[in-house]
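Here's a quick tour of this chain for anyone about to load it into a viewer. We'll go through a loop residue, a helix, the core and a pocket.

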Amino acid sequence: MMFKKIIKILCLVILFIILINIKTIFKSFYPIKYGDQIFKYSQKYNVDPSLVISVIRAESNFDDKATSHRGAYGLMQIMPETATWIAENMKLKDFNVEKLYDDELNIEMGCWYINNLNTEFSGNIELVLAAYNGGRGNVQKWLKVAEYSSDGKTLDVIPFEETDKYVKKVKTNYNVYVKLYGKELSDINKE
């Protein structure tokens, strides 16, 4: 009888310890890597750092040497044509695609681009993410098709399966990062 009570108490203590440390456990699965650069450029370009981290996690899982099967480079998986356009608009000198493997430059260009998309799509995160993955021109076309957008301002359906999955994945990452780090990340962006 006494043994059962001890086991019960021990189980409750273990459960309590797990519950206290669950946030720490989840943070090990949802880390903040490249935090200094993310915070620096998300602040510079007025982009939510939780969104930047979520995009990086979805795009490269924090691998600064990542190259996609479609030819996107670096942490934020920027396509060469998009990178060249961003570099021109940012007035970067001596830009070449290999520089996208530089984590600082990649994050700065990605933050600039997200800010640019935020401006174009009035801060609608679903549209921004769909444009980041599927192309801004495609999103503009989809908004004009009643089958995809009932109001011309939001997407009811994302016709590219990969883009639809991408938007959902980044939004899931975003929700997790906000729950785990919310106050920390929002405070950093206000500094």
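## A buried tyrosine in a loop

Tyr-73 is buried because its relative accessible area is 16%, and the cut-off for buried is under 20%. Keep in mind that this is a predicted model. Where does Tyr-73 lie? You'll find Tyr-73 in the loop between H3 and H4. Setting aside residues up to four places away in sequence, Tyr-73 touches Ala-66, Ile-78, Pro-80, Val-97, Glu-98, Leu-100, Tyr-101 and Asn-106. For a distance to try in your viewer, take Tyr-73 and Lys-169: they are 96 residues apart along the chain, and their C-alpha atoms are separated by 19 Å.

## Helix H4 and its two faces

Pro-80, one of the residues that Tyr-73 touches, is also one of the buried residues of H4. The others on that list are Ala-83, Ile-86, Ala-87 and Met-90. These residues cover an arc of only 120 degrees around the axis, so they sit on the same side of H4. What do the buried residues of H4 pack against? Their partner is H5. Over on the face turned away from the buried side, H4 carries the exposed residues Glu-81 and Glu-88.

Right after H4 comes Lys-91, with a positive phi. Lys-91 isn't a glycine, and neither is Asn-46, which also has a positive phi. Here's the pair laid out:

| Residue | Loop | Phi | Relative accessibility |
|---|---|---|---|
| Asn-46 | between H2 and H3 | about 55 degrees | 61% |
| Lys-91 | between H4 and H5 | about 60 degrees | 67% |

Asn-46 counts as exposed because its relative accessibility is 61%, with the cut-off for exposed at over 50%. Lys-91, at 67%, counts as exposed too.

## The nonpolar core

In soluble globular proteins, nonpolar side chains tend to be buried together. In this model, the largest nonpolar core has 50 residues. Which of them touch the most other members? That would be Val-55, Met-76, Met-109, Ile-114, Tyr-132, Val-139 and Leu-155. Several helices feed this core: H2 (35–44), H3 (49–60), H4 (80–90), H5 (103–120), H6 (125–134), H7 (136–143) and H8 (161–190) each supply at least two residues. H5 gives the largest share, with 8 residues.

Ile-114 is a handy place to zoom in. Leaving out neighbours within four places in sequence, Ile-114 is in contact with Val-47, Leu-51, Val-52, Val-55, Met-76, Val-128 and Tyr-132. Val-55, Met-76 and Tyr-132 from that contact list are also among the core residues that touch the most other members.

## The largest pocket

If you're thinking about grids, the largest pocket has a volume of about 560 Å³. Its lining counts 24 residues, and the closest to the pocket centre are Glu-59, Met-79, Tyr-132, Asn-133 and Glu-162. So Tyr-132 turns up again, here as a lining residue and earlier as a member of the core.

Which helix gives the most to the lining? H8 does, with 5 residues. H3, H4, H6 and H8 each supply at least two residues of that lining. By chemical type, the lining divides into 10 nonpolar, 8 polar and 6 charged residues. Glu-59 and Glu-162 are among those closest to the centre, and Glu counts as charged.

How values were computed:
Residues numbered from 1 in each chain as written. Predicted model: local features only at pLDDT ≥ 70, side-chain atom pairs only at ≥ 80, totals over all residues. Heavy atoms only, no water. Core = buried A, V, L, I, M, F, W, Y, C linked by side-chain atoms within 4.5 Å. Buried < 20%, exposed > 50% of the residue type's maximum accessible area, 1.4 Å probe, protein only. Helix = DSSP H or I, 4+ residues; strand = E, 2+ residues; numbered from the N terminus. Contact = heavy atoms within 4.5 Å. 1 Å grid on protein atoms, 1.4 Å probe; cavity = no way out; pocket = protein on both sides within 12 Å on 5 of 7 lines; lining within 4 Å. Points joined across faces, edges and corners; volume = space filled by probe spheres on them. Arc of directions from axis to C-beta.
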